[in-house]
Amino acid sequence: MLPTTINIDLPESLKPYALNRIGKRSIRDLTEPEVKRACFEIINLAFAECGQLKTDAAMLQFQSESLFKELSGKYKDLTLPELKESFKRGIRGETGPYFGLCAKTYHQFI
């Protein structure tokens with residue numbers, strides 16, 4: 001069973017990230033289809049949370065591929081729960097100004 005609380009000396013803002021790392025496989029350990037599916041889900045949710053509910057399939061596919069390429073580089077040690085948490089916080093403006101979904105935004109969120 002995985003812990004639901006962190007008993008180490010971390011700021012409260014970092015504890016959700018620690019929980020999202022413990023016992024999870026990093027992106028490098030997942031298959032390409034698993035990561036691509038997660039990218040599509042994350043991007044789709046991000047558009048919905050921004051109020052862009054009528055985003056076309058081509059844009060979703062393009063943005064998902066763009067995120068996948070970013071994750072294949074320097075972010076492959078992240079876990080999917082960490083990535084989802086970073087997008088959740090980023091969309092809500094907790095990581096700075098929002099520039100729309102683009103590589104600049106992905107880096108800022110992560």
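Student: How many salt bridges does a search of the whole structure find?
Tutor: The search finds seven salt bridges in the whole structure, and it should be kept in mind that this is a predicted model.

Student: OK, what does aspartate 77 pair with?
Tutor: Aspartate 77 forms a salt bridge with arginine 28, and their closest N and O atoms lie 2.6 Å apart. The pair links distant parts of the chain, since aspartate 77 sits in the loop between α3 and α4 (80-91), while arginine 28, 49 residues away, belongs to the loop between α1 (15-19) and α2.

Student: Are those two buried or exposed?
Tutor: Neither label fits, because aspartate 77, at 40% relative accessibility, counts as partly exposed, and arginine 28, with a relative accessible area of 46%, is partly exposed as well.

Student: And lysine 36, which residue is its partner glutamate?
Tutor: Lysine 36 forms a salt bridge with glutamate 65, with 3.5 Å between the closest N and O atoms. This pair also links distant parts of the chain, with lysine 36 in helix α2 and glutamate 65 in helix α3, 29 residues apart. Lysine 36 is partly exposed at 28% relative accessibility, and glutamate 65 is partly exposed with a relative accessible area of 24%.

Student: Switching to the helices, at what angle do α2 and α3 cross?
Tutor: The axes of helix α2 (residues 32-49) and helix α3 (residues 57-71) cross at roughly 125° and come within 8 Å. That angle makes α2 oblique to α3, because an angle counts as roughly perpendicular from 65 to 115 degrees and as roughly antiparallel over 145.

Student: Left-handed or right-handed?
Tutor: The crossing in which α2 passes α3 is right-handed.

Student: Which residues meet there?
Tutor: On the α2 side they include Val35, Lys36, Phe40, Ile43 and Phe47, and on the α3 side they include Met59, Leu60, Glu65, Leu67 and Phe68. By class, the contact of α2 with α3 has eleven nonpolar, three polar and three charged residues.

Student: Back to charges, what about arginine 89?
Tutor: The side chain of arginine 89 meets that of glutamate 94 in a salt bridge, at 3.5 Å from N to O. Arginine 89 is buried, with a relative accessible area of 16%, whereas glutamate 94 counts as exposed at 52% relative accessibility.

Student: Which residues do shared partners join into one network?
Tutor: Glu32, Lys36 and Glu65 are joined into one network by salt bridges that share partners, and these residues are also among those where α2 and α3 meet.

Definitions and conventions:
Residues numbered from 1 in each chain as written. Predicted model: local features only at pLDDT ≥ 70, side-chain atom pairs only at ≥ 80, totals over all residues. Heavy atoms only, no water. Axes fitted to C-alpha atoms, helices over the stretch in contact; angles between N-to-C directions. Helix = DSSP H or I, 4+ residues; strand = E, 2+ residues; numbered from the N terminus. Parallel < 35°, antiparallel > 145°, perpendicular 65-115°, else oblique. Left-handed = near helix turned anticlockwise from the far one by under 90°. Contact = heavy atoms within 4.5 Å. Nonpolar A, V, L, I, M, F, W, Y, C, P; charged D, E, K, R; others polar. Salt bridge = Lys/Arg side-chain N within 4 Å of Asp/Glu carboxyl O. Buried < 20%, exposed > 50% of the residue type's maximum accessible area, 1.4 Å probe, protein only.
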